[in-house]
Amino acid sequence: MLYFYYDLFSLGMTELVFTAVEAFQGHDEFSYITYDRTVDRVVAIAGYRTPPVSPVLKAAQEGQAKASAKN
């Protein structure tokens, strides 16, 4: 809906900007998930790559590990 309002108020001129921004975002990725109906669970996940851990999260995990080691 947000893009619709941008287009409406700018008479479509924002498409020039949004199209360029969307063209340079990331990559396409396919993931395959296999389910087992007998146990109603996921059996396998293929093709998924986890994103790299951010430095902030890494620092938080290290701080948590240090705090846990003191106890």
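Two strands count as paired if DSSP finds at least two bridges between them. Keep that in mind while you work through this predicted model.

**Exercise 1. Find out how strand 1 and strand 2 are joined, and name some bridge partners.**

Step 1: Locate the strands. Strand 1 covers residues 32-36, and strand 2 covers residues 41-46.

Step 2: Check the pairing. There are five bridges between strand 1 and strand 2, and the sense is antiparallel. The rule asks for at least two bridges, so these strands pair.

Step 3: Pick out partners. Tyr-35 is bridged to Val-42 in strand 2, and Thr-34 has Ala-44 as its bridge partner there.

Step 4: Look at the link. The two strands make a hairpin, with four residues between them.

**Exercise 2. Is Asp-40 buried or exposed, and what is its phi?**

Step 1: Place the residue. Asp-40 sits in the loop between strand 1 and strand 2.

Step 2: Use the cut-off. A residue counts as exposed when its relative accessible area is over 50%. Asp-40 has 70%, so Asp-40 is exposed.

Step 3: Turn to the backbone. Phi of Asp-40 is near 55°, which is a positive value in a residue that isn't glycine.

Step 4: Compare with strand 2 next door. Of its six residues, the number buried is zero, so strand 2 lies largely in the open.

**Exercise 3. Which residues make the nonpolar surface patch of about 630 Å²?**

Step 1: List the members. They are Met-1, Phe-4, Tyr-5, Leu-8 and Phe-9.

Step 2: Find where two of them sit. Helix 1 spans residues 2-10 and holds Phe-9; Phe-4 is in helix 1 too.

Step 3: Sort these two by accessibility. Phe-9 counts as exposed because its relative accessibility is 70%. Phe-4 has 47% and is therefore partly exposed.

Step 4: Take a long step along the chain. Gln-61 is 57 residues away from Phe-4 in sequence, and their C-alpha atoms are 41 Å apart.

**Exercise 4. Describe the surroundings of Arg-49.**

Step 1: Place Arg-49. You'll find this residue in the loop between strand 2 and helix 3, which is residues 55-70.

Step 2: Judge its exposure. With a relative accessible area of 54%, Arg-49 is exposed.

Step 3: Look for contacts. Once you set aside neighbours within four places in sequence, Arg-49 is in contact with His-27 and Glu-29.

Step 4: Check a distance. Arg-49 and Lys-70 are 21 residues apart along the chain, and their C-alpha atoms are separated by 34 Å.

**Exercise 5. What is the radius of gyration of the protein, and what value would a compact globule of 71 residues have?**

Step 1: Count the elements. There are three helices and two strands, and from the N terminus they run α-α-β-β-α.

Step 2: Compare the two values. The protein has a radius of gyration of 22 Å, but a compact globule of 71 residues would come out near 11 Å.

Step 3: Get the outline. Along the principal axes, the C-alpha atoms fill a box of roughly 60 × 45 × 20 Å.

Step 4: Check burial and contacts. Just 3% of the 71 residues count as buried. Take the contacts between residues at least 6 apart in sequence: 0% of them join residues at least 24 apart.

Step 5: Finish with the surface. About 7,100 Å² is exposed, and carbon and sulfur atoms supply 63% of that area.

Methods: Residues are numbered from 1 along each chain as its sequence is written. This is a predicted model: local features need pLDDT of at least 70, side-chain atom pairs count only at pLDDT 80 or more; totals for chains, interfaces and linings use all residues. Side-chain values use heavy atoms; hydrogens and water are left out. Patches are made of residues with over 30% relative accessible area and no salt bridge: like charges are joined within 9 Å, nonpolar side chains (Val, Leu, Ile, Met, Phe, Trp, Tyr) within 5 Å. Accessible areas come from the Shrake-Rupley method with a 1.4 Å probe; for residues, only the protein chains shown count as cover. A salt bridge is a side-chain nitrogen of Lys or Arg within 4 Å of a carboxyl oxygen of Asp or Glu. Buried means under 20% relative accessible area, exposed over 50%, partly exposed in between (1.4 Å probe, protein chains only). The radius of gyration is taken over C-alpha atoms; the globule rule is 2.2 Å times the number of residues to the power 0.38. Contact means heavy atoms within 4.5 Å.
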